[in-house]
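Q: Could you take a close look at the aromatic pairing in this one for me? I'd like to hear what it sits in and how far the model can be trusted there.

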Amino acid sequence: MRGVLLLLFVSTCRSSELTSASQRANIEGRLATELPLESVRVVLDGGAYTAIPRQDGSFKLHSVAPGTYLLEVLDTQSVWPTVKLEVS
């Protein structure tokens, strides 16, 4: 089995157009593997937020509300680490 690597860039980018009560963050990351990613999904909070990785492994979760989440990678070919995220 080939190794896999999850690189996570939690870019809590906030829009100045949003009020403080409705501010959201974008979470970006990259899945590094030599295996195909066609059937892979990145999920946050059990599927409340989902992303499909691009061919280069990059993904982005949009408009994530503040809170504590578990980020998981659903993949039938590899086991990925679960990552706890704090979005504020």
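A: Quick bit of vocabulary before we dig in: pLDDT is the predictor's confidence in each residue, on a scale from 0 to 100. This is a predicted model, and the protein chain averages a pLDDT of 82, with 75% of the residues scoring at least 70.

Now the pair. The structure holds one aromatic pair. Its partners are Tyr49 and Tyr69, with ring centres 5.8 Å apart and planes at 90 degrees; over 60 counts as edge-to-face, so that is what we have here. Tyr49 belongs to strand β4 and Tyr69 to strand β6, so the pair ties together parts that are 20 residues apart in sequence. Buried or exposed? The cut-off for buried is under 20% relative accessible area, so Tyr49 counts as buried at 17%, and Tyr69 does too, at 8%.

As for the confidence, β4 has the highest mean pLDDT among the elements of the chain, at 97, while strand β1 (residues 5–9) has the lowest, at 62. Over residues 12–19 the pLDDT is below 50, though this stretch still has eleven contacts in the model beyond near neighbours in sequence. Where pLDDT is low, the predicted coordinates should not be read in detail.

Both strands of the pair also feed the largest nonpolar core: β4 (49–51) and β6 (67–74) are among the elements that give two or more residues to it, along with β2, β3, β5 and β7. That core has 19 residues, and the members touching the most others are Leu31, Val42, Leu44, Leu61 and Val64. In soluble globular proteins, nonpolar side chains do tend to be buried together.

Definitions and conventions: Residues numbered from 1 in each chain as written. Predicted model: local features only at pLDDT ≥ 70, side-chain atom pairs only at ≥ 80, totals over all residues. Heavy atoms only, no water. Core = buried A, V, L, I, M, F, W, Y, C linked by side-chain atoms within 4.5 Å. Buried < 20%, exposed > 50% of the residue type's maximum accessible area, 1.4 Å probe, protein only. Helix = DSSP H or I, 4+ residues; strand = E, 2+ residues; numbered from the N terminus. Phe/Tyr/Trp six-rings, centres within 6.5 Å; stacked < 30°, edge-to-face > 60°. Contact = heavy atoms within 4.5 Å.
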